[in-house]
Amino acid sequence: MQAHAPAQHSPYLQALVGVGVLLLALALALGAWFIPSDAGYGGVGPNFLPWVVSIALGGCGFLLIRKARRSGYLHMGDHDGEHPYWAGFAWMSAGMLLNAALITRIGFVFSCALCFVLAARGLRNAQATARLGAKSWVIDCVVALLIAAPVYWMFTKFLGINLPGLTESGWL
Amino acid sequence: METMDIWGQLLQGFATAGTPVNLLWAFVGCALGTAVGVLPGIGPATAVAMLLPITTQVEATASMIFFAGIYYGAMYGGSTTSILLNTPGETATMVTAMEGNKMAKSGRAGAALATAAIGSFVAGSIATVIVTLFAPVVAEFAVKLGPPEYFMLMLLAFTTVSAVLGQSTVRGLTALFVGLAAGLVGMDQITGQVRYTGGVPELMDGVEIVLVAVGLFAVAEAMHAVLFEGKTVDSENRMSRVTMTASDWKRSIPAWLRGTAIGAPFGCIPAGGTEIPTFLSYATEKKLASGERQAEFGTKGAIEGVAGPEAANNATVTTALIPLLTLGIPTSNTTAILLGAFQNYGIQPGPQLFTTSASLVWALIASLYIGNVMLLVLNLPMVGLWVKLLKVPKPQLYAGILIFATVGAYGMRQSAFDLFLLYGIGLVGLVMRRFNFPTAPVLVGMILGPLAEAQLRNAISIGEGSALIFVQRPMSLAILVVVVAVLLVPRLVQMFSRKPMEAASGNA
């Protein structure tokens, strides 16, 4: 059952990707401008490849825009017909960004568990046909800790990889 | 290298790989590889990338054996998913899915799984023999190559990975140059010049491979799932007993061997990609089948259509280790990350690898033989266990992947900045995934880019500042001609084959 008409790949969005590539090329070229051309030996300096990449990406950006305006990208596969679910994406983004912001403060286990719960919420809502109850929150929290804690122990205790903890004990 | 010498080295390799600790690493790698192969949304490249931080702690031989197990295991596991699940998986197993799915639908899932697993074993083992015999020879030859030739070989790899293999040349090239740009960030190897760091100290050492790989694959995959796949319902085919009848064997064996013969040469050349050999094998099997059997293709599912491509796939993946180990040229996402793993140990794969790190290389090769046997056992009698992984609900699966992504991204440098960067790279990956940009060129460009730049500079300085050096040396000129041909021939063929048709339709 589909509430809307099938989504089409908008040529504007495709052109926007091309514009993005073009902007990246410009930024790279700007950067290349400030890299000294001092060739050292051999005649190819550290600014040579940056210029090659900037110019080539610029060309690609131009071709992508032209393609989007003319025929649209070909071979787009099975993507058509689905509308993006931004609310779920926001949950997942919040999870990842909070994880990045908090990991050194509340430790790996809790930070990752938080990321898990928020991301799972987004994914659950994306799938859900009915309202989800409080039970699903509890399940997610338990599963999150059941994954995050053993992962933390395995990597820090067995493999000696440094991950941040909340306490000095090495277990949390 | 003498044959006896190879034999001696290989035995030495078995002695190293056969220690209990290394056997354990191989086993864990194979099991983990099978698991990530079975689980949708995570592949060998992602898995190896997430585990790259262990290179800071675990000894080189052990971790390379471990990574090789993952690399291999994922190929076995991937076919299970593509046979049982009605969703197109990664390209490597797309062909397997075509016939395998049909077989499963008509109640022959077990036979399809068996021919895939045994075919993978046969092809993998034969291809490992090829690696054993030819890698030292190629290495010996490669020692004679100078910077101009190396640069040309890398150019060839760039061209084939980006412009030839994908569906869109422009998108492939864009991906390649984005990768090259990512490789530029940080301190220039030769002059020490700092490039594109924007004053961020974390970027001095460059962008970590882990971040790019995990961001582009795992994070982008999770984002894509939440945005677009919420309402997608996977249906699973029914399992049946994993056995093959006498007729299945009779039909599979020649298909395995043909698949191996088609797949092995494709891995050896620095061009990469399993799409071409698997499709070629599929087309061959379809053509060779006659009467009733040909009618099975696309309807009930023909066992040859699983056996051949699956063997071709594994043969290609295995022999792809030859260019990786002897030339230091990766041609796929996973081999690019394996190269990154070597670099983390300060080891540069290339012709010298067989002399400087002989024990590591031979242990790695020996572990391929061992891994193949382990995987056969893991995938035939125990396949039912892996199939249970398909029942993991999507929300928990992707959210769990994000936890492992955090381990990989944070564990490498202990920097929370990298986690923000990971999110940003995930966004880029999402756009690429949505608009069908290939990812392999990004990884290959990023890892091979700095090496190619160094070779370019050395080559030019050999030519005393002149780029003519590339056409003055016969070998480098020859590779240059191949590069140009690879770029032009498909287009010319297209142009010429279109013209007569246009003329004909014009006359009509």
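This is a dialogue on how to read some features of a predicted model with chains A and B.

Biologist: Where should I begin with chain A, and how many helices and strands are there in chain A?

Modeller: A good start is to list the elements in order, and since this is a predicted model, we are reading computed features throughout. Chain A has four helices and zero strands, so that its elements, from the N terminus on, run α-α-α-α, as DSSP runs are numbered from that end. The chain is divided into domain 1, covering 11-70, and domain 2, covering 86-158, and the C-alpha centres of these two domains lie 38 Å apart.

Biologist: How do I read a pair of aromatic rings, and how many aromatic pairs are found over all chains?

Modeller: One looks at the distance between the ring centres and at the angle between the planes, where under 30 degrees counts as stacked and over 60 as edge-to-face. A search of the whole structure gives 12 aromatic pairs over all chains. One of them joins A:Trp33 and A:Trp51, with 6.2 Å from centre to centre and 75° between the planes, and this pair is edge-to-face. A:Trp33 belongs to helix 1 (residues 11-34) of chain A and A:Trp51 to helix 2 (residues 48-70), 18 residues apart, and the pair thus links distant parts of the chain.

Biologist: Are these two tryptophans buried or exposed?

Modeller: A:Trp33 counts as exposed because its relative accessibility is 65%, while A:Trp51 is partly exposed, with a relative accessible area of 28%.

Biologist: And which arrangement do the rings of A:Phe108 and A:Tyr152 have?

Modeller: Their centres are 5.7 Å apart and their planes stand at 15°, so this pair is stacked. Here too distant parts of the chain are linked, with A:Phe108 in helix 3 (residues 86-127) of chain A and A:Tyr152 in helix 4 (residues 134-158), 44 residues apart. A:Phe108 counts as buried because its relative accessibility is 0%, and A:Tyr152 is buried as well, with a relative accessible area of 4%.

Biologist: What can sit over a ring, apart from another ring?

Modeller: The charged end of a side chain can, and in chain A the charged end of A:Lys157 sits over the ring of A:Trp171, 4.3 Å from its centre. In chain B, B:Arg434 lies over the face of B:Phe228, at 3.7 Å from the ring centre. Chain B also offers a cluster, in which ring pairs link B:Trp25, B:Phe66 and B:Phe67.

Biologist: How do I judge the overall form of chain B, and why does its radius of gyration agree with a compact globule?

Modeller: One compares the radius of gyration with the value expected for the chain length: a compact globule of 508 residues would have one near 23 Å, and chain B has 23 Å, so the two agree. Its C-alpha trace spans about 65 × 65 × 55 Å along the principal axes, and the chain holds 23 helices and two strands. Of its 508 residues, 60% are buried, whereas in chain A 42% of the 172 residues count as buried.

Biologist: Which residues are in contact with B:Glu149, leaving aside its neighbours within four places in sequence?

Modeller: B:Glu149 is in contact with B:Arg473, B:Met475, B:Ser476 and B:Ile479. B:Glu149 itself is placed in helix 7 (residues 147-164) of chain B, and it counts as buried because its relative accessibility is 4%, under the 20% cut-off.

Notes
Residues are numbered from 1 along each chain as its sequence is written. Chains are lettered from A and ligands numbered from 1 in the order in which they are written. This is a predicted model: local features need pLDDT of at least 70, side-chain atom pairs count only at pLDDT 80 or more; totals for chains, interfaces and linings use all residues. Side-chain values use heavy atoms; hydrogens and water are left out. Domain bounds come from an automatic or database domain assignment. Buried means under 20% relative accessible area, exposed over 50%, partly exposed in between (1.4 Å probe, protein chains only). Contact means heavy atoms within 4.5 Å. Rings of Phe, Tyr and Trp (its six-membered ring) pair if their centres lie within 6.5 Å; planes under 30 degrees apart count as stacked, over 60 as edge-to-face and the rest as tilted. A charge sits over a ring if NZ of Lys or CZ of Arg is within 6 Å of the ring centre and within 35 degrees of the ring normal. The radius of gyration is taken over C-alpha atoms; the globule rule is 2.2 Å times the number of residues to the power 0.38.
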